[in-house]
Amino acid sequence: MSDKVDTESFKEFARLRELRVNHRDLDYLIDKLSHDPMVDQLRIRRLKKRRLILKDTITRLESALIPD
């Protein structure tokens with residue numbers, strides 16, 4: 001019996017956790033900035049685009065972790 005641990009799976013879970021934290025932080029920042037009338041709307045749009053890219057990456061990673 002082998003005592004080897006699949007470290008690649010742990011790396012994927014850690015990456016997924018990191019992406020979720022970044023997504024949550026962006027969500028908070030976008031919400032905070034959207035209530036400030038002096039904030040540049042282009043900046044908010046760019047943050048939203050980054051948040052969407054993160055969400056797509058999270059979804060792709062979660063899908064890859066689910067066994068067929």
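**View 1. L61 and its contacts in the predicted model.** In this predicted model, L61 touches E12, R15, L16 and L19, leaving out residues up to four places away in sequence. L61 also belongs to the largest nonpolar core. So do two of the residues just named, L16 and L19.

**View 2. The largest nonpolar core.** Eleven side chains are the subject here. The core has 11 residues. L16, L19, L26, I30 and L33 are among them. V39 and I44 belong to the core too. L47, L54, I58 and L61 complete the list. Which elements give two or more residues to this core? They are helix 1 (7-34) and helix 2 (41-65).

**View 3. L65 and its contacts.** L65 lies in helix 2. Neighbours within four places in sequence are set aside here. L65 is then in contact with E12, F13 and L16. E12 and L65 are 53 residues apart along the chain. Their C-alpha atoms are separated by 8.2 Å. E12 and L16 also touch L61.

**View 4. A nonpolar patch on the surface.** Which residues make the nonpolar surface patch of about 300 Å²? F10, F13 and L65 make it. F13 is also one of the contacts of L65. Is L65 buried, partly exposed or exposed? L65 counts as partly exposed because its relative accessibility is 30%, and partly exposed runs between the 20% limit for buried and the 50% limit for exposed.

Key: Residues are numbered from 1 along each chain as its sequence is written. This is a predicted model: local features need pLDDT of at least 70, side-chain atom pairs count only at pLDDT 80 or more; totals for chains, interfaces and linings use all residues. Side-chain values use heavy atoms; hydrogens and water are left out. A nonpolar core is a set of buried Ala, Val, Leu, Ile, Met, Phe, Trp, Tyr and Cys residues joined through side-chain atoms within 4.5 Å. Buried means under 20% relative accessible area, exposed over 50%, partly exposed in between (1.4 Å probe, protein chains only). Helices (H or I, at least four residues) and strands (E, at least two) are DSSP runs, numbered from the N terminus. Contact means heavy atoms within 4.5 Å. Patches are made of residues with over 30% relative accessible area and no salt bridge: like charges are joined within 9 Å, nonpolar side chains (Val, Leu, Ile, Met, Phe, Trp, Tyr) within 5 Å. Accessible areas come from the Shrake-Rupley method with a 1.4 Å probe; for residues, only the protein chains shown count as cover. A salt bridge is a side-chain nitrogen of Lys or Arg within 4 Å of a carboxyl oxygen of Asp or Glu.
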